[in-house]
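This report describes a protein from its overall form down to individual residues. Please examine the sequence and the structure before reading on.

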Amino acid sequence: MQFLDFEKPIADLYEQLTKLKENGDKSGVDVSATVKEYEQKINDTKQQIYNNLTSWQKVQLSRHPERPYTLEYIERMTTSFVELHGDRNVKDDKAMVGGFADLDGETVMFIGQQKGVNTKMRQIRNFGMANPEGYRKALRLMKLAERFNKPIVTLIDTPGAYPGLEAEERGQGEAIARNLFEMVKLKVPVICVIIGEGASGGALGIGIGDRIFMLENSWYTVISPENCSTILWRSWNFKEKAAEELKLTSGYMSQFGLVDGVIKEPVGGAHSNHEEMADILKASLKKTLAELKQIDPETRITQRIEKFSNMGFFEER
């Protein structure tokens with residue numbers, strides 16, 4: 001288990017618990033009662049820490065290396081997943097994954113960013129930063145789902161669209177803008193879930209839907225705290241302050257009306273119990289899909305347009 005800096009009290013208790021079990025095994029003494037006390041202490045400490053997280057700490061949790069990514073959620077929630085590849089134009093972007101899967105008897109198109117589970121795969125997946133062909137692949141899959149009248153679920157987890165020169169040359173901005181234009185008109189139900197990082201246009205490129213949800217310890221904003229700090233203070237040292245001022249956490253996003261709901265994570269974060277987190281997300285998706293299917297397509301499109309048109313704060317002078 002890997003622990004973040006603010007999780008040190010939890011790490012210390014786990015270390016003491018491990019030593020206690022080892023001593024009990026060596027001496028043959030029954031330590032089960034003491035083990036239960038330590039487990040309760042760990043649970044209480046988790047509750048105390050996770051109920052009082054700062055914005056920056058939630059950002060750290062969203063990047064936890066053991067946090068489940070898109071493909072793991074698909075694997076745990078569905079069966080018969082068939083991954084589809086390529087944008088039929090340039091290449092197959094490994095940072096963007098998608099395909100049809102069976103969600104308890106219903107065929108659903110799942111699309112999302114994939115960061116990679118180890119160093120080599122992170123390089124192959126480009127750390128979840130998609131190129132234009134990734135967004136064009138996502139749109140191709142959405143259109144395919146629409147053709148066969150299948151609902152779409154997007155799982156968002158990216159530090160942003162890839163900002164390289166070659167990405168700009170191939171039309172990064174246009175690819176994302178095209179997705180926004182086309183997604184708002186899709187005739188099938190669309191659910192978007194921010195499962196980790198939701199940064200800038202990279203997240204928005206697959207983030208237009210009938211319902212937008214965030215996991216409890218995810219974030220969603222126009223820029224990362226580090227980059228915001230660099231622009232405003234010419235240093236990364238103010239990233240904690242930037243995270244607080246950006247109001248990027250799920251609670252703020254729900255309060256501002258930018259997302260439709262917050263999905264609770266297990267105590268200790270999604271990384272602490274992958275199976276429970278997948279079960280919670282699956283239940284939420286099934287319930288929401290059932291609600292959306294009761295609405296006719298034209299009404300859904302109208303509501304979708306109105307939802308995004310009403311976002312934001314402005315004053316006409």
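Two residues are said to be in contact when heavy atoms of theirs lie within 4.5 Å. With that meaning, aspartate 92 touches His85, Gly86 and Lys137, if residues up to four places away in sequence are not counted. The model in which these contacts are found is a predicted one.

**Aspartate 92 and its polar contacts**

Aspartate 92 is placed in the loop between β1 (79-83) and β2 (96-103). Its side chain is joined to the side chain of histidine 85 by a polar contact of 3.0 Å. A further polar contact, of 3.2 Å, links the side chains of aspartate 92 and lysine 94.

**The protein as a whole**

The protein has 14 helices and eight strands. The C-alpha trace spans about 70 × 50 × 40 Å along the principal axes. For a protein of 317 residues, a compact globule would have a radius of gyration near 20 Å; the value here is 21 Å, which agrees. Of the 317 residues, 51% count as buried. The accessible surface comes to about 15700 Å², and 51% of this surface belongs to carbon and sulfur atoms.

How are the contacts of the protein distributed along the sequence? Among those between residues at least 6 apart in sequence, 71% join residues at least 24 apart. As for charge, the protein has 42 positive and 46 negative charges, and the mean positions of the two groups are 3 Å apart.

**Two buried loop residues**

Glutamine 114 is located in the loop between β3 (106-113) and α5 (119-124). Is this residue buried or exposed? Glutamine 114 has a relative accessibility of 5% and therefore counts as buried, since buried means under 20% relative accessible area. The side chain of glutamine 114 reaches the backbone nitrogen of threonine 70 at 3.3 Å. Threonine 70 also appears among the contacts of glutamine 114 when neighbours within four places in sequence are left aside; these contacts include Tyr69, Leu71, Lys94 and Arg125 as well. Lys94 thus belongs to two descriptions: it is in contact with glutamine 114, and its side chain takes part in a polar contact with that of aspartate 92.

Alanine 270 occupies the loop between β8 (261-263) and α13 (274-292). With 0% relative accessibility, alanine 270 counts as buried. Leaving out residues up to four places away in sequence, alanine 270 touches Arg67, Pro68, Tyr73, Glu265 and Met277. How far apart are alanine 270 and lysine 187 in space? The two residues are 32 Å apart, C-alpha to C-alpha, and 83 residues apart in sequence.

**Two serines with positive phi**

Serine 80 has a phi near 55°, which is a positive value in a residue other than glycine. Phi of serine 200 is near 60°, likewise positive in a residue other than glycine. Serine 80 is placed in strand β1, whereas serine 200 lies in helix α9 (residues 200-204). Serine 80 is exposed, and serine 200 is partly exposed.

The table below gathers the relative accessible areas of the four residues discussed for burial or exposure.

| Residue | Relative accessible area | Class |
|---|---|---|
| Glutamine 114 | 5% | buried |
| Alanine 270 | 0% | buried |
| Serine 80 | 60% | exposed |
| Serine 200 | 37% | partly exposed |

Notes. Residues numbered from 1 in each chain as written. Predicted model: local features only at pLDDT ≥ 70, side-chain atom pairs only at ≥ 80, totals over all residues. Heavy atoms only, no water. Helix = DSSP H or I, 4+ residues; strand = E, 2+ residues; numbered from the N terminus. Rg over C-alpha atoms; globule rule 2.2 N^0.38 Å. Buried < 20%, exposed > 50% of the residue type's maximum accessible area, 1.4 Å probe, protein only. Areas by Shrake-Rupley, 256 points an atom, 1.4 Å probe, with all protein chains shown as cover. Lys, Arg positive; Asp, Glu negative; His and termini not counted. Charge placed at Lys NZ, Arg CZ, Asp CG, Glu CD. Polar contact = N/O pair within 3.5 Å; in protein donor to acceptor, adjacent residues only side chain to side chain.
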